[in-house]
Amino acid sequence: MNQKVDTSLAECLENAKTAADKVSLLFQYMDQHGQSFYDESVTQLQHGLQAAFLARTNGATDEQVTAALLHDIGHFLMDEHDAQGDFLQEDWCHETVGADLLEPFFPTVIIESIRQHVPAKRYLCAVDPRYHDGLSQASKRSLDLQGGKFTPEEVAEFEKSPHHETVVLVRRWDDGAKIEDLEVPGLEAYRETVESCVR
């Protein structure tokens, strides 16, 4: 696994005094570090914004919208994108990196949605035969690195999580958030929502 994780965001969040300050720092980081592409037709920031928009327009809770917006923060933290020479040659476990960094600042359902959105892809490939066909090319390529579809035993274990339904929703919004030139609201549209979720 790549060890080049930028810890500056965590340090800033730890020193911030209020939820509003934490969200300002988080959004500033996302804006600065989300302009590269993860082998898709949208930037990493656009991808997060599209996922949050899908969540909001589907009547999601504030925690679900926040999870959708932040689910790929690990890519930002490792500068993982398609211009890297070793891109998609190994799994950098961006879901674990992102969840671990944000865990002190957000409730469990958000952290588990970040941590489990890759396993959710493997889960859906196992339980829904049509799901794999709808994945983007990048998601299909990374699936093999991430372990392929779940075994029946892994499916059963995944379904034991009290948050698995939200995790699957976030995964589906993730999959739908890759539309080139789609205009959606920017980060500021989610300020109050994210603030309400900060510990």
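**Aromatic rings, a buried aspartate and a glutamate in a helix**

Tyr-123, Phe-150 and Phe-158 come together as one aromatic cluster, and this is a sensible place to begin looking at the structure, which is a predicted model. When the whole structure is searched for aromatic pairs, two are found.

From the rings we can turn to a charged residue, Asp-72, which lies in the loop that runs between helix 4 (62–70) and helix 5 (73–78). Asp-72 is buried, and yet it has no salt bridge, for the nearest side chain of opposite charge, that of Arg-171, is 6.7 Å away. Since a salt bridge requires the nitrogen and the carboxyl oxygen to be within 4 Å, the distance of 6.7 Å to Arg-171 does not qualify. What the side chain of Asp-72 does make is a polar contact with the side chain of His-94, at 2.9 Å. If residues up to four places away in sequence are not counted, Asp-72 touches His-47, His-94 and His-117, so that His-94 appears both in this list and in the polar contact just described.

Helix 4, which comes before that loop, also holds Glu-63. Is Glu-63 buried, partly exposed or exposed? Its relative accessible area is 34%, and because the partly exposed class lies between 20% and 50%, Glu-63 counts as partly exposed. Once its neighbours within four places in sequence are left aside, Glu-63 is in contact with Pro-107, Val-109, Ile-110 and Cys-197. Glu-63 can also be compared with Thr-166, for these two residues are 103 residues apart in sequence, while in space their C-alpha atoms are 9.3 Å apart.

Note on methods: Residues are numbered from 1 along each chain as its sequence is written. This is a predicted model: local features need pLDDT of at least 70, side-chain atom pairs count only at pLDDT 80 or more; totals for chains, interfaces and linings use all residues. Side-chain values use heavy atoms; hydrogens and water are left out. Helices (H or I, at least four residues) and strands (E, at least two) are DSSP runs, numbered from the N terminus. Buried means under 20% relative accessible area, exposed over 50%, partly exposed in between (1.4 Å probe, protein chains only). Lys and Arg count as positive and Asp and Glu as negative; His and the chain ends are not counted. A polar contact is a pair of N or O atoms within 3.5 Å; within protein, one must be able to donate a hydrogen and the other to accept it, and residues adjacent in sequence count only if both atoms are side-chain atoms. Contact means heavy atoms within 4.5 Å. Rings of Phe, Tyr and Trp (its six-membered ring) pair if their centres lie within 6.5 Å; planes under 30 degrees apart count as stacked, over 60 as edge-to-face and the rest as tilted.
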